[in-house]
Number of protein chains: 4
Amino acid sequence: MAGVNKVILLGNLGADPEVKYLEGEKVVANLRLATTESYKDRSGNRVDQTEWHDLEMWDGQAKIAEQYLRKGSQIYVEGKIKSDTWQDENGQNRKRMRIRVNSFTMLGGKPEGNNPSPAPMNNPQSKPAPAPSNTGNKPLDEGEDDLPF
Amino acid sequence: MAGVNKVILLGNLGADPEVKYLEGEKVVANLRLATTESYKDRSGNRVDQTEWHDLEMWDGQAKIAEQYLRKGSQIYVEGKIKSDTWQDENGQNRKRMRIRVNSFTMLGGKPEGNNPSPAPMNNPQSKPAPAPSNTGNKPLDEGEDDLPF
Amino acid sequence: MAGVNKVILLGNLGADPEVKYLEGEKVVANLRLATTESYKDRSGNRVDQTEWHDLEMWDGQAKIAEQYLRKGSQIYVEGKIKSDTWQDENGQNRKRMRIRVNSFTMLGGKPEGNNPSPAPMNNPQSKPAPAPSNTGNKPLDEGEDDLPF
Amino acid sequence: MAGVNKVILLGNLGADPEVKYLEGEKVVANLRLATTESYKDRSGNRVDQTEWHDLEMWDGQAKIAEQYLRKGSQIYVEGKIKSDTWQDENGQNRKRMRIRVNSFTMLGGKPEGNNPSPAPMNNPQSKPAPAPSNTGNKPLDEGEDDLPF
DNA sequence: TTTT
DNA sequence: TTTT
């Protein structure tokens with residue numbers, strides 16, 4: 001019964017986060033993260049292999065993502081694999097895997113050129129916040145809420 | 001370009017490994033691994049949440065899996081996320097995620113009752129082997145050289 | 001400023017946990033964990049290499065350790081490296097590294113023979129508890145306190 | 001006997017790597033890596049807590065470190081804990097922990113200002129090399145074979 | 001669709 | 001002794 005399901009990713013966002021404000025104070029952000037592995041094939045040519053990951057962040061974390069992450073941002077992520085299953089319109093069973101993010105760390109990378117500042121907030125009542133660089137890896141006494149401020 | 005794509009799992013196999021011998025000495029094993037997380041919901045009831053993972057092992061690792069792993073075996077796994085994409089019969093884009101295993105460790109757990117001994121080998125010329133408890137974590141002198149070029 | 005400091009261990013305890021009850025409801029448990037790597041040297045002989053780790057757990061986690069972990073117990077651990085520095089009696093700078101445990105999972109293994117049941121509690125007012133198999137990897141809504149019950 | 005001993009670090013180098021060329025083509029690099037965790041204490045003040053790690057790299061990896069890493073470089077590291085024990089001049093048992101690096105990835109960060117280009121090589125016969133961004137995570141066909149015997 |  |  002005891003289990004471990006852990007994912008560690010380091011890569012760049014393929015697009016700005018997509019953030020949705022749901023009922024009851026819930027917020028969810030969806031992000032696309034590319035992790036690229038580079039190696040030489042047998043003929044000596046360098047090959048880049050990119051894997052795309054669907055990330056899901058909630059609440060405080062989602063708001064931080066919305067404020068600070070942009071297309072191109074480089075982040076380190078810890079999370080877990082989470083799959084949804086459903087039936088599609090043809091009655092076939094479908095499955096979709098996602099990474100549920102537990103914590104992430106911004107590493108710099110270069111956000112998009114002509115909009116270097118944080119994007120306008122969708123959430124008007126959100127308070128201004130200092131730039132965080134880390135979410136989730138909190139000291140134990142304060143628990144693992146997702147808001148570093 | 002620098003990227004990290006790492007998965008760490010600890011759980012039990014839902015079935016015996018499925019092993020295929022391909023041309024050119026290639027061997028592949030597919031396994032289903034369950035990782036179960038147990039927590040109490042807001043009404044205080046214990047809830048088990050199980051995630052199923054599709055694992056893929058190759059060559060020497062696949063043979064070890066075939067010899068030593070069974071439905072119910074408990075293993076620790078390191079690997080990476082790997083997705084295949086294709087078009088289904090309706091012309092829709094489909095995607096399937098898998099864990100490409102880099103190394104695994106057998107932890108005991110309980111193999112199935114009435115077939116406690118290793119399953120018959122599909123591969124007649126395979127040599128008998130001592131029971132390993134670890135794959136992939138190689139000694140320094142042999143393993144992983146460090147030059148990416 | 002952004003940093004990651006993460007340790008993942010899987011091994012067996014070299015002794016029963018040492019638990020101390022401090023003032024103000026604080027509890028700390030110290031444990032010795034062995035991780036053994038097995039490989040063949042260049043002459044083909046199997047070599048076991050064991051590394052011993054000093055683990056530190058606090059509060060709820062420490063109590064779970066006291067109740068359920070014994071010499072020989074096999075556990076999976078996530079934590080971080082934490083060092084103390086001080087001057088010894090000769091005025092020399094000394095440093096000691098420890099693993100501060102964030103979460104652990106019991107994997108079975110074999111507790112000591114003649115005392116198979118949980119050791120008597122040092123802490124009289126502690127309530128009886130169901131056997132947990134996992135600490136720390138909690139759903140986000142409940143945060144990362146260490147008590148699974 | 002099966003064990004896991006894994007360390008994941010992300011931080012900045014406190015100094016240039018120290019590289020030693022030993023007999024028989026062996027090369028070792030020692031590095032100091034800082035991982036900084038940032039959190040708010042109970043009075044709401046932001047606190048930075050830095051842990052310093054001693055890293056050890058060998059051979060090809062050591063050469064890459066020598067060529068490309070500098071004081072201030074930001075890297076992601078995977079490795080394992082490795083301790084040496086000895087008796088000091090007072091006859092006391094001493095222990096020293098180190099991280100034996102299995103692979104690392106350069107993340108940018110800003111190398112020192114007035115010496116932006118790679119340092120001169122200590123190793124005259126080394127061939128010029130393209131800037132790598134990743135070590136150790138090898139392509140499947142070459143890397144990590146899977147047979148521990 | 002990212003990054004170097 | 002790093003970094004933001």
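Strands S2, residues 18-21, and S3, residues 27-40, of chain B pair antiparallel, with 4 bridges between them. This is a predicted model, so please hear everything that follows in that light. One of the pairings here puts B:Tyr21 opposite B:Val27, its bridge partner in S3(B). The two strands make a hairpin, and 5 residues lie between them. In that turn, B:Gly24 has a positive phi of about 65°.

Staying in chain B, let me go to the helix. H1(B) covers residues 59-68, and 8 of those 10 residues are buried, so the helix is largely enclosed by the rest of the structure. The buried ones are B:Gly60, B:Gln61, B:Ala62, B:Ile64, B:Ala65, B:Glu66, B:Gln67 and B:Tyr68. You will notice that a glutamate, B:Glu66, is on that list.

Now chain A. Its secondary structure comes to 1 helix and 6 strands. Reading from the N terminus, the order is β-β-β-β-α-β-β. Chain A has 149 residues, and 52% of them count as buried. As for how the chain folds back on itself, take the contacts between residues at least 6 apart in sequence: 62% of these join residues at least 24 apart.

What about the helix of chain A, residues 59-68? There, 9 of the 10 residues are buried, so H1(A) is largely enclosed by the rest of the structure. The buried set is A:Asp59, A:Gly60, A:Gln61, A:Ala62, A:Ile64, A:Ala65, A:Glu66, A:Gln67 and A:Tyr68. Which elements do the buried residues of H1(A) pack against? They pack against four strands of chain A, namely S2 (18-21), S3, S4 and S6.

Next, how chains A and B meet. On the chain A side 35 residues are in contact, and on the chain B side 36. The size of an interface is often given as the accessible area lost when the parts come together. For chains A and B that buried area is about 2,800 Å², and carbon and sulfur atoms give 42% of it.

On the polar side, 13 residue pairs are in polar contact between chain A and chain B, counting pairs with both residues at pLDDT 80 or more. The elements of chain A that give two or more residues to its side of this interface are the strands S1 (4-13), S3 (27-40), S4 (46-58), S5 (74-87) and S6 (93-106). S1(A) has the largest share, with 7 residues. By class, the chain A side has 11 nonpolar, 10 polar and 14 charged residues.

How many salt bridges are there between the two chains? The count between chain A and chain B is 2. One that I can name joins the side chains of A:Glu37 and B:Lys80, at 2.8 Å from N to O.

The chains also pair strand to strand. S1(A) and S1(B), the latter residues 4-13, run antiparallel and are joined by 7 bridges. Within that pairing, A:Leu9 has B:Asn5 as its bridge partner.

Last, a single residue in chain C. C:Glu56 sits in strand S4, residues 46-58, of that chain. Is C:Glu56 buried or exposed? Its relative accessible area is 7%, and the cut-off for buried is under 20%, so C:Glu56 is buried. Which residues is C:Glu56 in contact with, leaving aside neighbours within four places in sequence? They are C:Val28, C:Ala29, C:Asn30, C:Lys82, C:Arg98, C:Ile99, C:Arg100 and C:Val101. That list includes a lysine, C:Lys82, and two arginines, C:Arg98 and C:Arg100.

How values were computed. Residues numbered from 1 in each chain as written. Chains lettered and ligands numbered in written order. Predicted model: local features only at pLDDT ≥ 70, side-chain atom pairs only at ≥ 80, totals over all residues. Heavy atoms only, no water. Contact = heavy atoms within 4.5 Å. Buried area = accessible area lost by both parts, 1.4 Å probe. Salt bridge = Lys/Arg side-chain N within 4 Å of Asp/Glu carboxyl O. Polar contact = N/O pair within 3.5 Å; in protein donor to acceptor, adjacent residues only side chain to side chain. Nonpolar A, V, L, I, M, F, W, Y, C, P; charged D, E, K, R; others polar. Pairing = 2+ DSSP bridges. Buried < 20%, exposed > 50% of the residue type's maximum accessible area, 1.4 Å probe, protein only.
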